[in-house]
Every structure is written in structure tokens, then in C-alpha cells.
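Subject: Handover of a structure and its findings

Dear colleague,

Please find below the structure that I am passing on to you. I would be grateful if you would read the notes that follow with the structure open beside them.

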Number of protein chains: 2
Amino acid sequence: MPDRDLPSLNAMRAFEAAARLGSMSLAAHELHVTHGAVSRQVRTLEEALGQPLFTRQGRGVVLTTTGQQLRELCSAAFGQLRDGWLQLRNAQASAACVLGCSGSVLARWVIPRLERLRHDLPALTLHLAVQEEPVADHLANVDAALLLAAPPWPAGWQVHELAPERIGPVLSPRYPGADRLREQPACALCDEPLLHPASRPQAWPEWARAMGLPAESLRQAQALPHLYFLLEAAAAGLGVAIAPQPLVADDLASGRLLAPWGFCETSARWALVSARRDDARLAALADWLHRELAET
Amino acid sequence: MPDRDLPSLNAMRAFEAAARLGSMSLAAHELHVTHGAVSRQVRTLEEALGQPLFTRQGRGVVLTTTGQQLRELCSAAFGQLRDGWLQLRNAQASAACVLGCSGSVLARWVIPRLERLRHDLPALTLHLAVQEEPVADHLANVDAALLLAAPPWPAGWQVHELAPERIGPVLSPRYPGADRLREQPACALCDEPLLHPASRPQAWPEWARAMGLPAESLRQAQALPHLYFLLEAAAAGLGVAIAPQPLVADDLASGRLLAPWGFCETSARWALVSARRDDARLAALADWLHRELAET
DNA sequence: CGAATACTTGAGTTAAACTCACGCCATGCC
DNA sequence: GGCATGGCGTGAGTTTAACTCAAGTATTCG
């Protein structure tokens, strides 16, 4: 006995459907169960109430007087619940969602895909905010942040891991010696001026380690304050840069940049993180980001 | 997913209790489950809604704004359901219940116990109706009938079997030769004038068979139209009657009748039968009758 | 700082709910 | 009448949602 004063709510839902549709079988179909299940639930309810709700007459069922009263009661209560529930859901689903991410990611990946995002998730109203790392301090100002970082994640964050990070060297076809370099193995880069992001001095050594090259042999020539400038510099033919694959995917496709040695995974992850749990908008957004990152 | 538009009702009930009491643990206690169970249900609900309902702060929980709205919604809906449900239950529980039974049973068993019944089941308003067998034709006029009959029961009846019937010979201490007879084995009755009920000529042979006596050896002297008259005749010392044990229990206790050879079971049963299913009043009445019959 | 309190969470278990398959009954059609 | 059809009831077996248990975390209080 769940409660002496209140019967099984699931049984009531089954009854309400059966009463509304005038048939156990139709109700069963609506609830995606078999007619036997509905039959049993209704029977349970009748036993709990102490009187029949339907009169069975061979083919079909008809509500008793008591059944009609209970039907009205259930319809009203469940209708109220559903309306209120949907209202609460929609209120938040339609609220704007502020997404923070670094300028580089924003400019080179998010913005080019905004139109597609609007098309795929029309219900989502997205606002964008530039947010350089460390993100932790700014997480309170946004609903979520799209970032590249390595686990473990700070406690209390809600994290949707989207994809492993893959980085690799890129250079412009206009770079002097580009034609020569692209034919050679990765170790040829030891002799080239390497551009690296100031925010991430470990990028080249990480890559070298993954490729089996001695990290010391690399010559980091020029640091640039943002990945965005780094890539612009590389595109301008100033040197060889290193970048996450999705950020250069468009340039690779257009031939503006080359990646002769491909990309390799690091320990970092693309992730959508937020301070608040249980935001359905973010779940949908994470799902979309996951698919979009996997596509390139 | 039970339904896209309506979340788990059980989760809502758990949430409502937790919100009302301001504590998962207290809600768990109210619902007779562990606090872990409530925690999970609330979590399920939060995930379905896509936003948190409580803010957890170490010790204790507090409702979010959304949580407060959902709490009001749930309280209203569940309150409505409970009130309506109880009203439907009570409406029928307080309606008078018409019980039919034979005049003999009524006079010699039911009426002497009416006071006790009123005391044990104060909520039951009982009306009595005399109803001689066959009962089938009259079942429509009463809510239920108390009767003695053998299975199988007609289809469509709701039957509460109460106890096996036990019958045995009874005689008055004033009966000539009572003192002699009571010391002798049952076969001594072969020589006595036996009173039998017109409505049930098989009573004596049935008893004889159960006792291992040849049925033919019995001499049925006098038929009387009702068990009631039969027992009055026996009490007046006119002969030896045969009767169900409960109907003479009071007379045996007072010494007005003797049953020197005890009682033995027949294939018949005391039963409370009705045409309607699922009447909580009858379930309670059957339970009381069962206990009362077992007591003698 | 340790004890106490309250929620969370992962693993394993249980009881409710479901499916399946068959039976029954009424209706309608040949 | 005989037979097919549609709908409900029910017993047996199985699935699954919900639960318990136990360990973990965070906060408060003496």
C-alpha cells in the first residue's frame, strides 16, 4: 500500500486514458503498453476504491457513475499538471542561453557554424560571450562555456565532454619552402621557425611527444597572444603554427592552410561546461556540438 | 520515456513531499522509503525538467524559484486528487448495505451478533432482509447475501468463502432419554425420531455418511419447514434435530441444547456472495463474518 | 578537530509492471 | 448454424523501475 489516502498514480493515469478513449485497448496504445497492462491497472484502482469504474459488457466497456466522476477528477488534475509542467519547461527552454568561449574558437569555429546551429536548433536562443581562460572565474557570468581543457574537471562543474582534442602543424602554401616541407617527415620541422600560442606554450612539445620526436629539438620562434593571431600569421606565410584541427578545418578545405603531417590526439578535450546542472538547453547544445565536431 | 509531456508521477509525488517538508529525509520517512530513493526521484524530475528544483547546500536543501512553482502545482493537483478520491471512497463506504439471509440464520445467528457488529464496524450501515433459498433470484435486490451452499458457485458471483459448514445432531436435555442417549455412540440415534428441515432433506444422510453410519438406518420422523422451527422443536424436547454448529452455539452454551456427538464438516460453505464486484464494505463485512464464525 | 547531520551515488536486489499467449464473450457475416 | 473478428480478462514468466544498502562528500556545531 503506497498510501491509504491516495491510490497508485500510474493506475489513475491508465484509467484516465481508458475512460477518455472509452477503450482499454486504445488507452494501451496511447500509453505504449499492452491492453492487459491497462486492464490490470484499472482493476487495481477498482479494488482500491472498492467499487467498479467500468461495466464490462462483452465487447467494450462503459463508465459507471463513479467512473465518470473519477474521470473528471483525473482529467482536471492531470491536465493541470501537464499544463504547468510544460509551462515550466518552456519558460526555460525559450530563455536565451549565454555561451562563452575563447576569441579564437569563437571566430574560427563557432561563428562560421552559427547559421547551421540556428537551423538545427531553432528553439535555442544563443548569446555569445568572449571568455579567455582561465574560465573558472567567469563561469558565473555565462550559462555555459565551450572550452578545450584536460580532465580532471573542477568539482561542481557540469561537464559534457564533446571530443578529444587533435592538434597538428599548419602552414600556408605561401610559406617559403612549403612545397619542399610538405613532402618531408615531421622531423623536418626541427629546422623551421615555429609559431606558438602564448596561452599554451606546451602545444609544440605535446605534439612532438605524440609524434615520437624529441621535444627539445623544436625551435619555438615566435609567440603570439592568441591562437587567432597565430593562425593569421601562419596563413600569412610567417611560419608554421600548431592548432586544433577543428579551428583550421575550413582553411584546410579552402587551401588557405596545409596540414601535411595530420593531427594527433592530446590529453585535452573539447567540452561544454556549466556551473548549473540539468539544463536541457545545454544537453541539446552539447549534443549538437558533439555531432558537429565529429563531422570534421 | 513514459510521456514527453508529463513526467513520472511518482517522482512528482516524491518531490512534493520533499518540497513541503523541506527535507529529503523527512519526505522519505513520510513515503516509507529511504532518503536515497527520494533523492533519486527528485534527480529524475530535475533531469526531465532540465533545471534544478533544489539548491543543495551541504546540510539541507532549499527550493529554487522553479522548484517553488512546481511545488505549488503539485500540491494543488495532488490535493485535488486526494480530496476527490476520498470523497468517492467515503460516499460508498457510508452508503447502507443490504444483507440478505435465511430467516433461520438471521434469527439465530445474525441478530444475536448485531450489537457486536455495530461495535466492530461502526462505519457500516447494515440493513437486513430475509431471503430464503434459492438465493440466485433475489441477489439483485440486495447488496450481498449470507448463505450456506456448496461450490461450485454460479459464474459472475463475487464470493467470499467464510468457513466450512459443520453440522451435528442436537437435542434438549428435556428430551425423554436425553441422559441415556448422550452417553451412547452416534449409532444410537438410529432408534430415535429424527427431526429434519424440509428445505434440506439431505442433512441427516450427509451427517451419517460423514460419521460412517449407514444412511438408510436413520429414521426421519418429522419434517419442519424451517431450521428455525426445527430447532425450536428440538429445544422443546420433541426429538433430535440436525443443525449447523453456529446456529446452535448460543443454545449449547446456555445448556438449552446438547450436542453429544459433536459436529462434522460437510461439503457446503458459509459464504457471503454478491452480484457486484469490488465493494470494500463487503470485504470488511466478509472479514468480520469470517472471524466471527471461526470463533465459535 | 572530531562528531553529527544531510544529501549523493554506485552496486546489487526486489517488487511492481509489463508482455505473451490463451480463453471467453459478444457481434456480425456467410 | 458455423465461423471469423474484435475486445477484454487472466495466469505465467520476464523485464525494469524503484528500492535498499553502504560508502562517500560536504557542511555545521561543540
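A polar contact, as the term is used here, is a pair of N or O atoms within 3.5 Å. With that cut-off in mind, consider R43(A): a polar atom of its side chain lies 3.1 Å from a phosphate oxygen of DNA strand D. Please bear in mind throughout that this is a predicted model.

**DNA strand D**

Two further contacts reach the phosphate oxygens of this strand. The side chain of S25(A) places a polar atom 2.3 Å from a phosphate oxygen of DNA strand D, and a polar backbone atom of M24(A) is 3.0 Å from a phosphate oxygen of that strand. Which elements give two or more residues to the surface near DNA strand D? They are α2 (24-31) and α3 of chain A, together with α3 of chain B. The most comes from α3(A), which gives five residues.

There are 19 residues around DNA strand D, and those that come nearest are S25(A), S39(A), R40(A), R56(A) and T34(B). Sorted by class, the surface near this strand has four nonpolar, ten polar and five charged residues. Of the atoms of DNA strand D within 4 Å of the protein, 69% belong to sugar or phosphate, and the rest belong to bases.

**DNA strand C**

Around DNA strand C there are 18 residues, of which T34(A), S25(B), S39(B), R40(B) and R56(B) come nearest. These residues of the surface divide into four nonpolar, nine polar and five charged. At least two residues each are supplied by α3 (35-49) of chain A and by α2 (24-30) and α3 (35-49) of chain B. The largest share, four residues, comes from α3(B).

Which parts of DNA strand C do individual side chains approach? An N or O atom in the side chain of S25(B) is 2.5 Å from a phosphate oxygen of DNA strand C, and for R43(B) the corresponding distance to a phosphate oxygen is 3.0 Å. H35(B) has a polar side-chain atom 3.4 Å from a base oxygen of DNA strand C. Of the atoms of this strand within 4 Å of the protein, 70% belong to sugar or phosphate, and the rest belong to bases.

**The sheet of chain A**

In chain A, six strands form an open sheet with mixed pairing, in the order β4-β3-β5-β10-β6-β9. Why is one side of β4 (126-130) and of β9 (241-244) of chain A left without a neighbour in the sheet? Both strands stand at the edges and have a single partner strand each, so one side of each has no neighbour there. On average, neighbouring strands of this sheet are turned by 25° against each other, direction ignored.

The edge strand β9(A) is joined by four bridges to strand β6 (residues 158-170) of chain A, and the two run antiparallel. Within this pair, A241(A) in β9(A) is the bridge partner of V170(A). Helix α8 (residues 227-235) of chain A packs on the sheet, where it touches β6 and β9 of chain A, and its direction makes about 125° with that of β9(A). Helix α10 (residues 280-295) of chain A also packs on the sheet; it touches β3 (97-101), β4, β5 (144-149), β6 and β10 (264-274) of chain A, and its direction makes about 25° with that of β6(A).

**The sheet of chain B**

Chain B has an open sheet of six strands, again with mixed pairing, in the order β4-β3-β5-β10-β6-β9. Its edge strands are β4 (126-130) and β9 (241-244) of chain B, each of which pairs on one side only. Strands β3 (residues 97-101) and β5 (residues 144-149) of chain B pair in the parallel sense over three bridges. One of the residues involved is C101(B), whose bridge partner in β5(B) is L146(B).

**A residue to look at: E192(B)**

E192(B) is found in the loop between α6 (178-181) and β7 (194-197) of chain B. Is this residue buried or exposed? E192(B) counts as buried, because its relative accessibility is 8%, and buried means under 20%. Its side chain makes a polar contact of 2.5 Å with the side chain of Y175(B). Leaving aside neighbours within four places in sequence, E192(B) is in contact with Y175(B), R180(B), L181(B), R219(B) and V240(B).

Yours faithfully

Conventions: Residues numbered from 1 in each chain as written. Chains lettered and ligands numbered in written order. Predicted model: local features only at pLDDT ≥ 70, side-chain atom pairs only at ≥ 80, totals over all residues. Heavy atoms only, no water. Pairing = 2+ DSSP bridges. Axes fitted to C-alpha atoms, helices over the stretch in contact; angles between N-to-C directions. Contact = heavy atoms within 4.5 Å. Near = heavy atom within 4 Å. Polar contact = N/O pair within 3.5 Å; in protein donor to acceptor, adjacent residues only side chain to side chain. Nonpolar A, V, L, I, M, F, W, Y, C, P; charged D, E, K, R; others polar. Buried < 20%, exposed > 50% of the residue type's maximum accessible area, 1.4 Å probe, protein only.
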